[in-house]
Amino acid sequence: VQATKKARIDSTPIGTLCLSCRGLHNDYQLRHWLLYDNRTALGIEDWFREGKEGGAPASMLESAPLVSLYVSFSRKPYFLIESSSEEFKSKLIALFTPTAPEPFLFKEHQVSVVPSLPGVTVA
């Protein structure tokens with residue numbers, strides 16, 4: 001019975017995610033700093049166009065399957081993140097889980113990713 005329950009949970013699509021980090025202040029920083037710096041661990045290397053040496057920095061492609069919204073008016077600002085890539089969402093949760101023994105830090109602030117409450121979406 002345990003194995004059946006676990007398999008059902010693992011195959012359930014992950015909806016909108018909530019990411020919080022006091023070191024991130026806008027969508028650009030989320031995409032071009034946090035996600036870019038962790039692109040290999042998240043398996044999203046092909047979501048970015050490399051910048052030219054000595055020129056523009058790398059940038060996320062418009063075709064990347066990611067939608068994000070920075071909710072700045074909250075007492076504790078956060079991002080809502082949606083993606084059609086279940087693998088990306090699973091890796092994002094695993095990398096930035098708030099209950100990890102050694103929390104992930106970005107600019108000396110903990111990064112936390114959890115599934116959002118039911119009914120909460122970017123749209």
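**Entry 1: helix α4**

Which residues are buried in helix α4 (residues 86-95)? I started my notebook with this one, keeping in mind that the model is predicted. I found that F88, K89 and L92 are the buried residues there. They sit on the same side of α4, because the arc they cover around the axis is only 95°.

Next I turned the helix around. On the face of α4 turned away from its buried side I noted the exposed residues E87 and A94.

Then I asked myself what covers the buried residues of α4. My list of covering elements includes two helices' worth of entries, α2 (27-37) and α3 (39-42). It also includes the strands β1 (17-20), β4 (66-71), β5 (78-83) and β8 (112-115).

**Entry 2: salt bridges in α4**

How many salt bridges does the structure hold? I looked them up and the number is three. I took the ones in α4 while that helix was still on my screen.

E86 and K89 meet through their side chains, at 3.0 Å from N to O. These two are three residues apart in helix α4, so about one helical turn separates them. I checked the accessibility of both partners. E86 counts as partly exposed, because its relative accessibility is 31% and the buried class ends at 20%. K89 has a relative accessible area of 4%, so this residue is buried. I was pleased to meet K89 again, since I had already written it down among the buried residues of α4.

E87 pairs with K91 in another salt bridge, with the closest N and O atoms 3.0 Å apart. Here the partners are four residues apart in helix α4, which means a separation of about one helical turn. E87 is exposed, because its relative accessible area of 52% is over the 50% cut-off. That fits my earlier note placing E87 on the face turned away from the buried side of α4. K91, at 29% relative accessibility, is partly exposed.

**Entry 3: the salt bridge in α2**

I moved on to helix α2, where R31 and D27 both lie. Their side chains meet in a salt bridge of 2.8 Å, N to O. The two residues are four apart, about one turn of the helix.

Is R31 buried or exposed? I read a relative accessible area of 16%, under the 20% cut-off, so R31 is buried. D27 comes out as partly exposed, with 24%. I also wrote in the margin that α2 is among the elements covering the buried residues of α4.

**Entry 4: the largest pocket**

How much space lies in the largest pocket? I get about 250 Å³. I then went through the residues that line this pocket. They are S20, C21, R22, L24, H25, Y70, K76, P77, H109, Q110 and S112.

I sorted the lining by class as well. It has four nonpolar, five polar and two charged residues. With the charged class in mind, I marked R22 and K76 in the list.

**Entry 5: the whole protein**

To finish, I stepped back to the overall layout. I count four helices and eight strands in the protein. Along the sequence they follow the pattern α-β-α-α-β-β-β-β-α-β-β-β.

What share of the 123 residues counts as buried? My answer is 33%. I looked up contacts too, taking those with a separation of 6 or more. Residues 24 or more positions apart account for 59% of them.

Technical notes
Residues numbered from 1 in each chain as written. Predicted model: local features only at pLDDT ≥ 70, side-chain atom pairs only at ≥ 80, totals over all residues. Heavy atoms only, no water. 1 Å grid on protein atoms, 1.4 Å probe; cavity = no way out; pocket = protein on both sides within 12 Å on 5 of 7 lines; lining within 4 Å. Points joined across faces, edges and corners; volume = space filled by probe spheres on them. Buried < 20%, exposed > 50% of the residue type's maximum accessible area, 1.4 Å probe, protein only. Arc of directions from axis to C-beta. Contact = heavy atoms within 4.5 Å. Salt bridge = Lys/Arg side-chain N within 4 Å of Asp/Glu carboxyl O.
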